[in-house]
Amino acid sequence: MQPAPNQPMGFCLGLIFRRTTMGSRTGSDAHDVIFGSAGADLLSGMGGNDMLFGGAGADTIISGTNIDVLIGGAGADTFIFQRGDGADLIADARIGIDHVLIIGVEQDEVSFHAGEDGTLQAWYGGTDGSAADHGTITLSGYTMNDVGAMRDLFIFG
Ligand SMILES: [Ca+2]
Ligand SMILES: [Ca+2]
């Protein structure tokens, strides 16, 4: 499978990643398990069902397509998604510390729903039915009672 063209995304991300990044680890379109260092890392899962561990440090973790599990670890982490990223899970998103950025998605394109077992899910993107247009993020440790606080976790660009 050919990787999707990512010129616009690369441009956007360049602005974000100007801050100090110690390690950069990029997965493949297969299933990857990627561990960051104790410092600030840039981790990118690409395609496949990935597990991405930031470890300590202020990490930037890019989900990519398919079903990914993102674990930021200590430090102020940024979790990045875009349309078509599939059904992903953030294990440890902390309000007031970490941030979730959904590139190319406006705030009014995000809605919150109760997932299985009462977990909180953010649904983003359009509703035209195409998988490339939307995605979902399950937020472990939160419920529908926490929807109001999500404005401090999500950023848009
Ligand atoms: Ca991958
Ligand atoms: Ca790290």
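Is phenylalanine 35 buried, exposed or partly exposed, and what is its relative accessible area? I looked this up before anything else: phenylalanine 35 is partly exposed, with a relative accessible area of 47%. For my own bookkeeping, buried means under 20% relative accessible area, exposed over 50%, and partly exposed in between, with a 1.4 Å probe and protein chains only.

**Ground rules**

I am working on a predicted model, in which local features need pLDDT of at least 70 and side-chain atom pairs count only at pLDDT 80 or more, while totals for chains, interfaces and linings use all residues. Residues are numbered from 1 along each chain as its sequence is written, chains are lettered from A and ligands numbered from 1 in the order in which they are written, and side-chain values use heavy atoms, with hydrogens and water left out.

**The chain as a whole**

I started with the inventory, which comes to 1 helix and 13 strands. Here helices (H or I, at least four residues) and strands (E, at least two) are DSSP runs, numbered from the N terminus. Reading from the N terminus, I get α-β-β-β-β-β-β-β-β-β-β-β-β-β.

Of the 157 residues, 42% count as buried. The exposed surface of the chain is about 7800 Å², and carbon and sulfur atoms supply 59% of it; such areas come from the Shrake-Rupley method with a 1.4 Å probe, and for residues only the protein chains shown count as cover. I also checked contacts (heavy atoms within 4.5 Å). Among those between residues at least 6 apart in sequence, 29% join residues at least 24 apart.

**Two sheets**

I traced an open sheet of 6 strands with parallel pairing, in the order S1-S3-S5-S7-S9-S13. Two strands pair if DSSP finds at least two bridges between them. S1 and S13 (154-156) are the edge strands, each pairing on one side only. Neighbouring strands here are turned by 20 degrees against each other on average, direction ignored; the axes are lines fitted to C-alpha atoms, for helices over the stretch in contact, and angles run from 0 to 180 degrees between N-to-C directions.

Inside that sheet I picked S7 (residues 78-82) and S9 (residues 99-103), which run parallel and are joined by 5 bridges. Phenylalanine 81 has isoleucine 102 in S9 as its bridge partner.

Next I followed an open sheet of 7 strands, ordered S2-S4-S6-S8-S12-S11-S10, and its pairing is mixed. Its edge strands are S2 and S10 (110-114), each pairing on one side only. S11 and S12 (residues 134-139) run antiparallel and share 6 bridges, and I found alanine 122 opposite isoleucine 137 in S12.

**Calcium sites**

How are the donor residues of the calcium ion (ligand 1) spaced in sequence? I read the pattern as S-x1-A-x1-D-x12-G-x1-G-x2-D. The protein donors are Ser28 (O), Ala30 (O), Asp32 (OD), Gly45 (O), Gly47 (O), Asp50 (OD) and Asp50 (OD), lying 2.0 to 2.8 Å from the ion. Aspartate 32 sits in the loop between S1 (23-26) and S2 (33-35), and aspartate 50 in the loop between S3 (41-44) and S4 (51-53), so the pair ties together parts that are 18 residues apart in sequence. Aspartate 32 counts as buried at 15% relative accessibility, and aspartate 50 is buried at 1%.

Note to self: donors are N, O and S atoms within 2.8 Å of the metal (3.2 Å for Na, K and Ca), and water is not among the atoms, so sites may look incomplete.

For the calcium ion (ligand 2), I listed Ser37 (O), Gly39 (O), Asp41 (OD), Gly54 (O), Ala56 (O), Asp59 (OD) and Asp59 (OD), at 2.1 to 3.0 Å. The spacing of these donor residues is S-x1-G-x1-D-x12-G-x1-A-x2-D. Alanine 56 is partly exposed at 34%, whereas aspartate 59 is buried at 0%.

**Aromatic pairs**

My search of the whole structure gave 3 aromatic pairs. Rings of Phe, Tyr and Trp (its six-membered ring) pair if their centres lie within 6.5 Å; planes under 30 degrees apart count as stacked, over 60 as edge-to-face and the rest as tilted.

Phenylalanine 35 and phenylalanine 53 are stacked, 4.7 Å centre to centre with 10 degrees between the planes. This pair links S2 with S4, 18 residues apart. Phenylalanine 53 is partly exposed, at 24%.

Phenylalanine 81 and tyrosine 124 are tilted, 6.5 Å centre to centre and 55 degrees between the planes. They link S7 with S11 (residues 120-125), 43 residues apart. I have phenylalanine 81 as buried at 0% and tyrosine 124 as buried at 1%.
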